[in-house]
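Colleague: Could you take a close look at one part of this model for me? I'd like to hear what surrounds it, and then how the charged side chains pair up.

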Amino acid sequence: MPSHPLRVAVVCSSNQNRSMEAHNILSKRGFDVRSFGTGTHVKLPGPAPDKPNVYDFKTTYEQMYNDLVRKDKELYTQNGILHMLERNKRIKPRPERFQSCKDQFDLVITCEERVYDQVLEDLNSREQETFQPVHVINIDIQDNHEEATLGAFLICELCQCIQHTDDMENEIDELLQEFEEKSSRPFLHTVCFY
């Protein structure tokens, strides 16, 4: 078992739904967790698929919430976006971009393959300093409320299993294979170094 609590990062594209739901559940279970997005901007659904609400990562969840209430409170209440932003405000002030964070993690879990690729690109472009391993794992999770919740519980269960291994470096591949079979979802896994 690792001598310290696992340092976990959960990453999706906008740091709104999937990563925040996992952040919420992992933090309630006592994990040292942070959440991020990898996009250039934060995108939330708008009145039409081709009209998303686009924000800078510096925009707080409170500001997004107030903006959407002003634009169309009924629409954003009905589609669950205001409820999601309420939850997000309770966890942290604003979305964060993974590429802007230089903290080190034991485990980085991404929620879609494109985000996984962006995380790997960023980690591999950094100067190696400590040569500490970081396991990057992708679990494809659709970007909707129900899948985000199911995915968050799967991520939490995976983190709990990894936390309780005697030798994470040697046991993680077998553990991931078990989780793939159990969840019927393909997992991607790469080890990078800080």
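Modeller: Let's start with helix 1, residues 18-28, keeping in mind that this is a predicted model. This helix is mostly covered, with 9 of its 11 residues buried. The buried set runs through Arg18, Ser19, Met20, Glu21, Ala22, His23, Asn24, Ile25 and Leu26. And what does the covering? Both strands and helices take part: strand 1 (7-12) and strand 2 (32-37) are included, as are helix 2 (61-78), helix 3 (81-91) and helix 5 (145-163). Just after helix 1 there's a backbone detail to look at: Gly30 takes a positive phi of about 90°.

Now for the charges. Side chains of opposite charge can pair when their charged atoms come close. Here the count comes to 15 salt bridges, taking a side-chain nitrogen of Lys or Arg within 4 Å of a carboxyl oxygen of Asp or Glu. One of the residues buried in helix 1, Arg18, turns up in this part of the story too. Salt bridges that share partners link Arg18 with Glu112, Arg114 and Asp143 in one network.

Strand 2, which is among the elements covering helix 1, brings us to Arg34. Arg34 makes a salt bridge to Glu96, where the closest N and O atoms sit 2.6 Å apart. Since Arg34 lies in strand 2 and Glu96 in the loop between helix 3 and strand 5 (107-110), this pair ties together parts that are 62 residues apart in sequence. Arg34 also forms a salt bridge with Asp103, and there the closest N and O atoms are 2.2 Å apart. Asp103 is in the loop between helix 3 and strand 5 as well, so its pairing with Arg34 in strand 2 connects parts 69 residues apart in sequence.

How covered are these partners? Arg34 has 23% relative accessibility and counts as partly exposed, because partly exposed begins where buried, under 20%, stops. Glu96 is partly exposed too, at 25% relative accessibility, and Asp103 is partly exposed with a relative accessible area of 37%.

Glu96 has a further partner to add: its side chain meets that of Lys92 in a salt bridge, at 3.0 Å from N to O. Lys92 counts as buried, at 9% relative accessibility, whereas Glu96 on the other side of that bridge is partly exposed.

Methods
Residues are numbered from 1 along each chain as its sequence is written. This is a predicted model: local features need pLDDT of at least 70, side-chain atom pairs count only at pLDDT 80 or more; totals for chains, interfaces and linings use all residues. Side-chain values use heavy atoms; hydrogens and water are left out. Buried means under 20% relative accessible area, exposed over 50%, partly exposed in between (1.4 Å probe, protein chains only). Helices (H or I, at least four residues) and strands (E, at least two) are DSSP runs, numbered from the N terminus. Contact means heavy atoms within 4.5 Å.
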